[in-house]
Protein chains: 2
Amino acid sequence: MLNQKFLSLEEALSLFLSQITFRSLPSEIVPIEESYNRILFEDLFSPEDLPGFERSTVDGFAVRASDTFGAKETSPVYLKLKGEIPMGEIPKFSIESGEAASVSTGGMLPEGADAVVMLEQVNLVSSDLIEVLKPVAPGENVIFKDEDVKKGELVLKAGHRLKPQDVGALAGLGITHLRVVKKPTVAIILTGDEVVPHFEKISPGKVRDINSFTLAGLIEEIGGKPLKMGIVKDEYEEIKKVTEEAFIKSDVILITGGTSVGTKDMVAQVINDLGNPGILFHGVTIKPGKPLIGGICQGKPIFGLPGHPVAVYICFKLFVEPVLKKMMGIKVREFKSHHIKAKMQRSLSSQAGRIDFIRVALEERDGNLWAIPLLSKSGLIMSLVKADGIVKISSSSLGVEEGEEVEVELI
Amino acid sequence: MLNQKFLSLEEALSLFLSQITFRSLPSEIVPIEESYNRILFEDLFSPEDLPGFERSTVDGFAVRASDTFGAKETSPVYLKLKGEIPMGEIPKFSIESGEAASVSTGGMLPEGADAVVMLEQVNLVSSDLIEVLKPVAPGENVIFKDEDVKKGELVLKAGHRLKPQDVGALAGLGITHLRVVKKPTVAIILTGDEVVPHFEKISPGKVRDINSFTLAGLIEEIGGKPLKMGIVKDEYEEIKKVTEEAFIKSDVILITGGTSVGTKDMVAQVINDLGNPGILFHGVTIKPGKPLIGGICQGKPIFGLPGHPVAVYICFKLFVEPVLKKMMGIKVREFKSHHIKAKMQRSLSSQAGRIDFIRVALEERDGNLWAIPLLSKSGLIMSLVKADGIVKISSSSLGVEEGEEVEVELI
């Protein structure tokens with residue numbers, strides 16, 4: 001009975017993203033101890049040459065390479081052992097022709113030396129004499145002053161999410177603080193006369209809040225800060241008041257629910273009343289998630305998400321996550337794959353012109369990986385917790401056959 | 001010149017894991033708001049039936065299914081519209097034969113009704129009369145009292161890591177607190193006379209602490225709590241003192257460094273002196289990571305990690321992570337894949353009997369994904385930050401050819 005024009009997933013998403021500025025969030029400076037998983041705000045260049053001095057990359061003996069030319073097991077080269085280079089110190093002596101000094105991995109080369117012979121290619125003849133069994137080339141087993149990082153070299157790009165090893169590298173460069181993208185605050189507004197807080201005993205007709213917990217976790221995973229605005233009655237003035245408050249306090253607003261026909265219009269009305277351009281699309285040809293509303297008011301993205309927990313999850317992943325990534329300035333590298341192939345355990349039909357997202361559990365049987373669709377009648381809880389992944393049935397497909405190979409996106 | 005017996009990766013790991021008790025950590029109770037990514041300590045059963053009442057899964061009209069049998073577009077069935085069921089409330093009337101009530105998705109079915117006709121299959125004739133164009137079967141578009149979750153049903157298993165949607169489900173079940181595995185405290189001890197804190201200006205011969213930052217991030221990612229014990233001089237008594245302190249305060253101890261030949265023996269000595277059985281292996285046929293020491297003292301795992309940041313990363317992933325997972329009682333599901341296929345950009349040789357782990361950057365060219373080995377001479381910093389993944393060259397292989405397809409583990 002509705003006569004709405006639904007957009008396709010691609011149309012809706014590209015329309016929305018085209019109105020979002022890449023990296024629209026401000027920055028803040030944090031100590032590197034708090035920078036894990038944060039997004040770098042600006043390109044980061046090395047403040048100095050590293051290692052900053054010539055270091056050995058092996059345990060062995062610092063020598064003049066030319067002294068070792070021609071050395072073999074049958075006619076070794078003999079060198080005078082001048083001493084040992086203590087770790088972390090500047091050598092107190094230099095190496096002349098015919099001399100060597102014992103050095104550990106990471107130790108500094110003494111003046112005069114230009115290569116290191118590995119421990120395994122040397123015999124200790126006496127306490128101050130070694131025999132070298134193999135020649136080394138100049139620079140062999142040595143890392144030069146600026147060979148790891150040159151001063152001014154680009155180390156990490158703006159938009160990069162900092163991994164543990166990146167933070168390690170920053171420490172190695174002597175960087176104690178850095179500028180990262182401020183976490184976007186994402187407001188969560190739950191509507192619905194039937195929704196009660198999770199700590200309440202429910203009476204028939206009511207359901208507990210599931211969505212604010214799922215959304216808060218998803219928002220934190222992507223690097224945002226969830227702001228729970230509570231549960232709001234299905235009344236225009238109530239929804240408007242809370243949404244206006246959220247508008248001041250947050251960067252993105254998610255309004256979930258609106259399961260009754262009347263409420264859907266209310267949420268749409270509130271978004272349109274909040275500022276221009278207002279609603280960009282209302283309804284997308286995906287299942288679940290069809291009634292999704294996407295709007296932008298005075299530059300702030302606002303989504304009207306369906307009330308069903310599974311639809312909320314799918315809509316977040318399809319729409320809210322890309323929007324947050326674009327706002328944070330994250331450059332997505334396409335090969336970061338979390339897909340796996342599996343065989344469909346049963347045939348499923350799908351409507352042409354609509355993308356279906358099927359939650360599946362994965363099971364190994366007879367050496368094959370099977371995707372078992374979780375199709376219980378809109379089960380709210382179990383289909384959420386049992387799912388290992390999601391299979392996408394494209395809008396041009398009429399379904400999948402039993403045994404057909406499908407791509408499963410792990411969740 | 002060393003005459004040590006090195007174990008293979010598999011031998012060393014299985015020897016070590018065989019001495020670790022599955023789920024050896026205590027538990028604690030946390031509110032569900034703090035349970036994201038935590039590990040469930042015990043099987044979790046549903047405390048109640050859900051949804052707890054008969055709900056509609058669509059927007060439509062609650063009816064007696066038998067009234068609609070035989071309905072078609074050409075000869076619809078007419079039903080008296082008795083009223084609307086408000087969301088979240090117990091219907092104040094029941095449905096007799098010949099009657100219908102408008103209901104929204106999630107609304108409670110009135111007594112007497114046993115199915116819901118979708119909005120799209122109904123025409124509103126007048127304010128109190130509808131025509132039904134298609135029959136529904138009993139139970140159609142309805143979710144029963146215990147159809148989502150039965151009271152006493154297993155919802156999540158012990159050892160499960162809680163995802164956002166799991167926490168949502170717990171909220172839906174009215175669970176406010178739950179018992180999770182206590183986070184393992186992992187002590188990080190850095191040895192090396194050449195290592196200085198990251199905030200210090202370095203002089204020739206010195207390097208800054210990289211490893212405690214990489215390790216802290218890796219420990220947190222897996223669900224542990226890093227405890228930095230600082231930088232210790234390469235002296236037996238010093239290392240022993242700090243290790244004993246760490247032993248009291250932590251569940252697992254990581255000692256990194258020991259780049260000088262003397263220190264390696266010191267770390268080994270300290271581990272052996274700390275308790276039985278002491279060192280389980282000293283040296284593994286992997287590269288990087290060969291000098292890895294694994295020991296258990298009075299039930300506590302202690303690792304002597306090499307000082308090289310890349311080796312630290314690899315050894316953590318190969319050894320420390322599986323040990324932490326076993327201690328936490330995490331059941332690893334094998335199909336969680338983070339692998340991707342790529343073509344090797346250049347040939348690499350490898351030694352038989354040794355597993356090589358090659359850091360690679362990924363690059364898309366001519367429609368192919370290429371893995372570019374990062375082989376700069378033990379570059380500490382850039383090979384850490386440039387790597388997109390790791391390619392494993394098995395111990396039976398002598399290398400890979402240019403253009404050969406390899407599996408890249410994304411990091």
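Okay, let's start with one pair of residues: Glu84(A) has Ser102(A) as its bridge partner in strand E6 of chain A. One thing to keep in mind all the way through is that this is a predicted model.

So, what surrounds that pair? Strand E5 of chain A, residues 77-84, is linked to E6(A) by 4 bridges, and the two run parallel. On top of that, E5(A) pairs with strand E9 of chain A, residues 129-132, this time in the antiparallel sense, again over 4 bridges. If you want a spot to click on there, take Lys80(A), which sits opposite Leu129(A) in E9(A).

Let's stay with E6(A) for a moment. That strand covers residues 99-103, and Ala101(A) is part of it. Is Ala101(A) buried or exposed? Buried, because it has 24 C-beta neighbours inside 10 Å, and the cut-off for buried is 20 or more. Setting aside residues within four places in sequence, Ala101(A) has contacts that include Phe61(A), Ala62(A), Ile85(A), Pro91(A) and Ile95(A). Glu84(A), from our opening pair, is one of its contacts too. And for a sense of distance: go 70 residues along the chain to Ala171(A), and the two C-alpha atoms are 31 Å apart.

Now, the two chains together. How does chain B relate to chain A? Rotate by 180 degrees, with 0.0 Å of shift along the axis, and chain B superposes on chain A with an RMSD of 0.1 Å. That is the relation of a two-fold axis. If you're hunting for the axis on screen, go to His338(B), whose C-alpha is the nearest to it in chain B, at 3.0 Å.

As for how they touch, 81 residues of chain B are in contact with 81 residues of chain A. Several elements of chain B give two or more residues to that side, including strand E11, helix H4, helix H7 and strand E24. The one that gives the most is H3(B), with 8 residues. By type, chain B's side splits into 40 nonpolar, 24 polar and 17 charged residues. And 99% of the interface residues of chain B are interface residues in chain A as well, so the copies meet through the same surface.

H3(B) deserves a slide of its own. All of it is covered: 9 of its 9 residues are buried, so the helix is largely enclosed by the rest of the structure. The buried ones include Pro164(B), Asp166(B) and Leu170(B). What does the covering? Partly the other chain: strand E15, helix H4, H7 and helix H8 of chain A are included, together with E11 and strand E12 of chain B. Just past the end of H3(B), Gly174(B) has a positive phi of about 80 degrees.

H7 came up there, so here's chain A's copy. H7(A) runs over residues 309-328 and has a kink of about 45 degrees centred on Phe316(A). This helix is mostly covered, with 15 of its 20 residues buried. Right after H7(A) comes Gly329(A), with a positive phi of about 80 degrees.

On to the core. The largest nonpolar core has 184 residues, and among the members touching the most others are Ile189, Leu254 and Cys315, from both chain A and chain B. Take Leu254(B): beyond its sequence neighbours, its contacts include Ile189(B), Leu215(B), Phe303(B) and Val320(B).

One more bit of sheet, in chain B. Strand E28, residues 405-410, pairs antiparallel with strand E22, residues 339-344, over 5 bridges. In that pairing, Lys343(B) faces Glu405(B). E28(B) also pairs antiparallel with strand E26, residues 389-393, over 3 bridges, and there Val391(B) is opposite Val408(B).

Last up, the backbone oddities. Most residues other than glycine have a negative phi, and most peptide bonds are trans. Here, though, Leu50(A) and Pro51(A) are joined by a cis peptide bond, with omega about 5 degrees, and Leu50(B) and Pro51(B) are too, again at about 5 degrees. In chain B, Pro51(B) is in the loop between strands E2 and E3. Then there's Arg23(B), not a glycine, with a positive phi of about 55 degrees; its loop lies between helix H1 and strand E1 of chain B. Asn37(B) also has a positive phi, near 70 degrees, in the loop between E1 and E2 of chain B. That's my tour, thanks!

Key:
Residues numbered from 1 in each chain as written. Chains lettered and ligands numbered in written order. Predicted model: local features only at pLDDT ≥ 70, side-chain atom pairs only at ≥ 80, totals over all residues. Contact = placed C-beta atoms within 7 Å. Nonpolar A, V, L, I, M, F, W, Y, C, P; charged D, E, K, R; others polar. Core = buried A, V, L, I, M, F, W, Y, C linked by C-beta atoms within 7 Å. Buried ≥ 20, exposed ≤ 12 C-beta atoms within 10 Å, placed from the backbone. Pairing = 2+ DSSP bridges. Least-squares fit on C-alpha atoms with pLDDT ≥ 70 in both. Bend = angle between axes of the 7 residues up to and from the residue.
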